[in-house]
Amino acid sequence: MQIRLASTLQSDSIVDGEGIRTVIWTQGCPHNCPFCHNPSTHDFQGGFLEDIDVLKKQIDNLKGQDGITLSGGDPMVQPLECLELAKEAHKVGLNVWCYTGYLFEDVIKNKKMRALLDEVDVLVDGKFLIDQLSLDLYYKGSKNQRVIDVKKSLEEGSVYEIPKYKGTKIFKQLYKKEEGMFI
Ligand code: SF4
C-alpha cells in the first residue's frame, strides 16, 4: 500500500497539536478554503507516493515525540492509508491527532473515514474560514474549527470539544508538558 504525501515526515513540531509531534503531511485536499496556508498540498496528483511500510518503520524509530499529527492536504481523503499509520503510532505508544476540512458529523457517516476516526485521539475539524481567522486560537486557524476529543464524542454521541482548547491562548500555558496534559 502507498500513500501520497506532500513532504517527508517532520518531527519536533509544537504547533500541530499538544506536545512534541511528528507531522505527516498528506497530499490532496478537495476543500479549497480561500487563503489556505498550504495550497501546494491540494493537487491530488502532486507530491509523491511513499510505501506505508517505509513510513511505519520511520514511526517505529521516532525518538522524543509525544505523537503523530496527520495533516495536509486532508488526511481523510486517504483514510485507509492514514489508518495504517495511526495504528502503527498507537502500537509504539504515540498518540494521534488528525486535521480535516470535513466536519466530525460528516466523518462518522463515511465508512472509511470512520475507520480512521476510530484510531484518532484528537480531531481538529472544519474548513479554514478567513472571516473567522484568529491568531489566538489553540491548534487551529479559524474560530469555526473544533479541537475534538474523539473517544468522548463517540461515547456521548455528540461532539465534545476539549475545554482548554476552546478559548483563546493564554501565552504562559502555550506549551507545558506537565500534569493537565490532555493525553
Ligand atoms: S482543508 Fe486545510 S488544506 Fe484543505 S483547503 Fe482548507 S485549509 Fe487548506
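Here is a short walk through this structure, which is a predicted model.

Let us begin with the sheet. Six strands make up an open sheet, and following them across gives the order β2-β3-β5-β6-β7-β8, with mixed pairing. At the edges stand β2 (10–13) and β8 (146–149); each has a single partner strand, so one side of each is left without a neighbour in the sheet. From one strand to the next, the twist averages 25 degrees. As general background, strands of a sheet pair through backbone hydrogen bonds, either parallel or antiparallel.

Now look at one pair inside that order. Strand β3 (residues 21–25) pairs with strand β5 (residues 67–71) in the parallel sense, over five bridges. Within this pair, you can find V23 opposite T69 in β5.

A helix joins the picture here. Helix α2, residues 79–91, lies across β3, β5 and β6 (95–99), and runs at about 165 degrees to β5. In the loop between β5 and α2 you will meet G73. A cis peptide bond joins G72 to G73, with omega at about 15 degrees.

Two more residues deserve a stop for their backbone angles. D12 belongs to strand β2, and its phi is near 65 degrees, a positive value in a residue other than glycine. D12 counts as exposed because it has 11 C-beta neighbours inside 10 Å, and the cut-off for exposed is 12 or fewer. F35 sits in the loop between β3 and β4 (48–51). The phi of F35 is also positive, near 65 degrees, and F35 is not a glycine. With 12 other C-beta atoms within 10 Å, F35 is exposed as well.

Key: Residues are numbered from 1 along each chain as its sequence is written. This is a predicted model: local features need pLDDT of at least 70, side-chain atom pairs count only at pLDDT 80 or more; totals for chains, interfaces and linings use all residues. Two strands pair if DSSP finds at least two bridges between them. Helices (H or I, at least four residues) and strands (E, at least two) are DSSP runs, numbered from the N terminus. Axes are lines fitted to C-alpha atoms, for helices over the stretch in contact, and angles run from 0 to 180 degrees between N-to-C directions. Two residues are in contact if their C-beta atoms, placed from the backbone, lie within 7 Å. A residue is buried if 20 or more other C-beta atoms lie within 10 Å of its own, exposed if 12 or fewer, and partly exposed in between; C-beta atoms are placed from the backbone.
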